[in-house]
Amino acid sequence: MPKTRAYSISAEDIASEKERVGGDLDRFDVARVIKLDDLELPEPGPRDVHLKILAASGEHNVDHAALADTINITESRGGKIYPGNSAVGEVLAVGGEVTKVAAGDVVLIHCNGEPDEFGYPKRIWAYDMPDSIGWYAEEAVVGDWQVVKAPLDCGLNLWEIAALPLRAPTAYHLWRRALGIYRVKVSREQKAVLNVLSFGGGVGELFLMLARAEGHDAWFCSGSPERRAALEQQGIAGIDQKQFNRFASKDDVKAFSKEVKKLTGGEGMHLVCDMLRGPVWPAGFAVASRQGVNVSAGWQLSQVIEYNSTIASVKQVTLDHTHYETLVGVDAATELYGKVFKPTVHREIYAFEDLPRAFEEMHQNVQTGIPIVRVAKDMPDAVSALVS
Ligand SMILES: NC(=O)c1ccc[n+]([C@@H]2O[C@H](COP(=O)([O-])OP(=O)(O)OC[C@H]3O[C@@H](n4cnc5c(N)ncnc54)[C@H](OP(=O)(O)O)[C@@H]3O)[C@@H](O)[C@H]2O)c1
């Protein structure tokens, strides 16, 4: 196979950037450790699909990989990873046993790297799955089980479609778990319309779109006025997180709790999605209603949480930890593109060469929506109407 241009992160570059900033992660420049590299693709097998990547979304796990702030995944993967686990591609060729897609199809690639016996991922592709090569690259080779035909007629443009392959299945899974757990405790007859809260981020936004689509009341507590405004257009009310100083103190949490009581007639939030943890966690826990559910698949600000078990028991609050969807769940989430999922996309569509900057801007939290990278300069006819 010929070589392709692909971004990589090396343990050596992480170490030298950490040394440059004296260990101060606030000064760490993510763009210095995500580097354009040459990569030899594996020879496709009979069940493989050879892809030209058209567009990819920036995912937060790349920030974690570059900072090595949760685990040093690059080091544990042998010193170098090729990231990128959410993309849209055009099929260039398929192996002899592939019937699901054909050359010319446009497909999504998801990040479930190794389904367990129930279909849930034991590993995430291009993150902790050994030997997996990611899709911040011009070309890729994947197994046919990893691709889903892109719903090109769903009403979204290509950038919006590219925002979803990782975040939509995550949100879909969080939603069905949170709602299912609540319904074990309280039937629909007892309480039809729920109060649903999420904090910032693309996954949280999509979680709220699912809640709205099913007739529930939804609130988005974010520090970004642009993202709040985009969600308000979809009937999801905004709460300015910065009004509560991003929950820096106990008094901020108390003030937020008071505000939520006012908004919900004293009832609180039945379902809370918190992908951030850190200072956000006590705020989400404090506003849980009786029988509430707090669900998370993220640990952006902290991996550890602490809570009062007595309060959780007395209020019958359930905490649930999810990771990512099964393969059938990914298909189901894809059916909702455009119908339910209308993602917010950052105002700049980044060129492939600007991908490191996209990640530094994600790290600085200055983007107005999900960051999208246009990988292919020439787009196939199948998507030309979806690219403005
Ligand atoms: N398990 C999985 O499969 C899975 C899938 C996707 C994501 N994740 C994880 O979930 C987390 C969120 O991902 P995402 O894709 O939803 O996020 P995202 O779209 O990248 O957005 C990140 C959000 O973080 C918030 N934020 C940044 N700094 C903050 C701070 N100091 N205090 C409070 N909020 C802050 C911002 O919210 P504001 O709007 O308030 O500024 C921003 O919107 C990440 O850690 C990611 O790795 C896990």
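Colleague: Helix 5 and helix 11: roughly parallel or roughly perpendicular to each other?
Modeller: This is a predicted model, where local features need pLDDT of at least 70, side-chain atom pairs count only at pLDDT 80 or more, and totals for chains, interfaces and linings use all residues. Residues are numbered from 1 along each chain as its sequence is written. The axes of helix 5 (167-185) and helix 11 (residues 327-335) come within 9 Å and cross at roughly 105°. Helix 5 and helix 11 are therefore roughly perpendicular (65 to 115 degrees).

Colleague: Which residues make the contact?
Modeller: A168, P169, Y172 and H173 from helix 5, with G329, V330, A332 and A333 from helix 11. Contact means C-beta atoms, placed from the backbone, within 7 Å.

Colleague: How many of those are nonpolar?
Modeller: The split is 6 nonpolar, 2 polar and no charged. Asp, Glu, Lys and Arg count as charged; Ala, Val, Leu, Ile, Met, Phe, Trp, Tyr, Cys and Pro as nonpolar; the others, Gly among them, as polar.

Colleague: Switching to the ligand. Which residues come nearest?
Modeller: G200, G201, G202, G298 and Q300, out of 29 around the ligand. The C-beta cut-off there is 6 Å. That shell has 10 nonpolar, 16 polar and 3 charged residues.

Colleague: Where does the ligand lie?
Modeller: Between domain 1 (3-166 + 343-384) and domain 2 (169-321), because both give residues to its shell. Helix 2, helix 5 and helix 6 (202-213) each supply at least two shell residues.

Colleague: And helix 2 with helix 12: at what angle do the axes cross?
Modeller: Roughly 90°, with the axes of helix 2 (residues 60-67) and helix 12 (residues 355-363) coming within 10 Å. V62, D63 and A66 of helix 2 meet F359, M362 and H363 of helix 12.

Methods. Axes are lines fitted to C-alpha atoms, for helices over the stretch in contact, and angles run from 0 to 180 degrees between N-to-C directions. Helices (H or I, at least four residues) and strands (E, at least two) are DSSP runs, numbered from the N terminus. Two residues are in contact if their C-beta atoms, placed from the backbone, lie within 7 Å. Domain bounds come from an automatic or database domain assignment. Angles under 35 degrees count as roughly parallel, over 145 as roughly antiparallel, 65 to 115 as roughly perpendicular and the rest as oblique.
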